[in-house]
Amino acid sequence: MALCNRVRSGISLFTKSTFLTSQRSTLQRSLVAPFISLASRNYANVPGQKETKVKVPLALFGGSGNYASALYIASVKANAVEKVETELLQFVEAVKNSPIFSQFIRDLSVAKDVRVKVIQDICGEAKFSDVTKNFLVIVAENGRLKNIDTIAKRFAQLSMAYKGEVQATVTTVVPLPPEEEKALKETFQEIIGFGAKVHLEQKIDPSILGGLVLEFSQKVFDMSIKTRAQQMERILREPVSIANI
């Protein structure tokens, strides 16, 4: 219960501060825009359907985030988010299970037309949807297959948000007992509201020395002893003004 109370009070204070600035949001929109256009032009449109605007639920940054956002938009328009997620994870798993294929997608010396032909054949044999197939072809054309694992993880984040799910990761020195894990999950569920489903993942990291680190919705709430010790050290190193004594 003490652990849950610390999380509850800490997050309450944490959420009062702004996590993302308006400048960063503007940057994200400018980065995603070209990929959204790419998605709409290459594989998002469905003949006979009226063009609809899709809002990406999470702000993802970097090249992998942009590709994942573009795929999300195409998937929502095709009403195939879960199917695309499953297919993308199948592709990633195939890469991990095949050293030869893993080497192939990372070898940029392979001609573009060869990369594309291989991906098209694989998608055809796997009977992937057009959204997944066309996306992987674009990734192959742009030489980004080596980043497909990261892209898939980013897309999974968007898929969870689409389904009203929240992924939370708690890092501790030792595994939480089942009763504490259950209590922490229930506490976190109360904090974010019962309209979303919580998926709690545990990670073990002895380097934090104690306490916990909670990550969710692109936020990090650090209650570790390591961070507190570092903060205390900085305070002790600050010069003391004699006038204030």
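This passage walks through the fold, one central helix, a hairpin and a few individual residues of a predicted model.

Starting with the overall layout, the protein chain contains ten helices and four strands. Their order along the sequence reads α-α-α-α-α-α-α-α-β-α-β-β-β-α, so the run opens with eight helices before a strand turns up. Of the 245 residues in the protein chain, 38% are buried. Contacts lean towards the long-range kind: among those with a separation of 6 or more, 71% link residues 24 or more positions apart. As for the outside, the accessible surface adds up to about 14500 Å², and carbon and sulfur atoms supply 55% of that area.

Helix α4 is a handy place to look inside the model. This helix covers residues 81-97, and its 17 residues should span 24 Å at 1.5 Å a residue. The C-alpha atoms at its two ends do sit 24 Å apart, in agreement with that estimate. The buried residues of α4 are Val81, Val84, Glu85, Glu87, Leu88, Phe91, Val92 and Val95, a list with two glutamates in it as well as nonpolar residues. The cover over these buried positions includes α3 (62-77), α5 (99-106), α6 (112-126), α7 (130-141) and α8 (148-162).

One piece of the α8 side can be picked out by residue. Ser159 belongs to helix α8 and has a relative accessible area of 0%, so it counts as buried. Once neighbours within four places in sequence are set aside, Ser159 is in contact with Val81 and Glu85, both of which appear among the buried residues of α4.

The loops flanking α7 offer a look at the outer parts of this region. Lys127 sits in the loop between α6 and α7, and it is classed as exposed because its relative accessibility is 69%. Asn142 is found in the loop between α7 and α8, where a relative accessible area of 39% makes it partly exposed. Asn142 is 30 residues away from Lys112 in sequence, yet their C-alpha atoms are 8.3 Å apart in space.

Backbone angles bring Lys127 up again. Most residues other than glycine have a negative phi. Lys127 goes the other way, with a positive phi near 60°. Leu209, also not a glycine, has a positive phi of about 75°. Leu209 is placed in the loop between β2 (197-204) and β3, and with a relative accessible area of 55% it is exposed.

Just along the chain comes the hairpin. Strands β3 (residues 213-216) and β4 (residues 219-222) pair in the antiparallel sense, with four bridges between them. One of the bridge partners is Asp222 in β4, which is matched with Val213. Two residues separate the strands of this hairpin, and Ser217 in the turn has a positive phi of about 50°.

Finally, helix α10 (residues 225-237) carries Ile235, and this isoleucine counts as exposed because its relative accessibility is 51%, just past the cut-off of 50%. Ile235 joins Met232 and Leu236 in a nonpolar surface patch of about 340 Å².

Definitions and conventions
Residues numbered from 1 in each chain as written. Predicted model: local features only at pLDDT ≥ 70, side-chain atom pairs only at ≥ 80, totals over all residues. Heavy atoms only, no water. Expected span 1.5 Å × (residues − 1). Buried < 20%, exposed > 50% of the residue type's maximum accessible area, 1.4 Å probe, protein only. Contact = heavy atoms within 4.5 Å. Pairing = 2+ DSSP bridges. Patch = residues over 30% accessible without salt bridge, like charges linked within 9 Å, V, L, I, M, F, W, Y side chains within 5 Å. Areas by Shrake-Rupley, 256 points an atom, 1.4 Å probe, with all protein chains shown as cover. Salt bridge = Lys/Arg side-chain N within 4 Å of Asp/Glu carboxyl O.
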